[in-house]
Amino acid sequence: MTQVAQDLAPFEDPIVNDSAFQQTESRFAIWGHPLHAMAVAFPVALTFCAFGADLLYWWSGQERWAWAALWATGTAFLFGLLAGASGTMELLMVPGIRIRAAAWTHFVIAVMLLSLLGLNWGWRLTGYESAILPWGLLMSGFAVIVVAVTGWHGGKLVFDYRLGISKGN
């Protein structure tokens, strides 16, 4: 071992040297398609739809946009629970995902998003039209920001670190 290698040895990343680090293939997939990656599209799209419906209600004052926002927030929350369950199973069952701090960061942000979606939906159930201005609109806008952050972070996990994918043959 060279002197430089000996000097750098105490600074090696213990996570990279762990045997589980390379075990990142999805365990929850249908014919090679990971369930979490398929499920997240729905709550992401519906979160944006809820915000759009809130903006259209604010602009037009038409009740149908308040009704659409109610359904979009509720459906985003329910599909988010399914996506979250599959993502949590991946996190806990796949050693190469579980060992990385970035995966836990994504998990925490996603749980915060689910909490926000549930709060937004529950708020609207008290009176879907009166709930939009200002709190419903603010919650939807904040949810869009949080979904963008967690989506970017999740995409980074998949595309940069190749976590939770099916590697195939």
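**Exercise 1.** Which residue just after helix 4 takes a positive phi?

*Solution.* Start at the end of helix 4, where helices are DSSP runs of H or I with at least four residues, numbered from the N terminus. Just after this helix, Gly61 has a positive phi of about 75 degrees.

A word on the model: it is predicted, local features need pLDDT of at least 70, side-chain atom pairs count only at pLDDT 80 or more, and totals for chains, interfaces and linings use all residues. Residues are numbered from 1 along each chain as its sequence is written, and side-chain values use heavy atoms, with hydrogens and water left out.

**Exercise 2.** Find the buried residues of helix 4 and work out how they are arranged around its axis.

*Solution.* First, take buried as under 20% relative accessible area, exposed as over 50%, and partly exposed as in between (1.4 Å probe, protein chains only). Next, pick them out: Pro43, Leu46, Thr47, Ala50, Ala53, Asp54 and Tyr57 are buried in helix 4. Then look down the axis: these residues fall within an arc of 125 degrees (taken from the directions from the helix axis to the C-beta atoms), so they line one face of the helix. Finally, see what they pack against: helix 3 (35-39), helix 5, helix 7 and helix 8.

**Exercise 3.** Decide how Val158 is placed: buried, exposed or partly exposed?

*Solution.* Begin by locating Val158 in helix 8. Its relative accessibility is 28%, so Val158 counts as partly exposed. Now check its contacts (heavy atoms within 4.5 Å): not counting residues up to four places away in sequence, Val158 touches Leu163 and Ile165.

Note on methods. Helix = DSSP H or I, 4+ residues; strand = E, 2+ residues; numbered from the N terminus.
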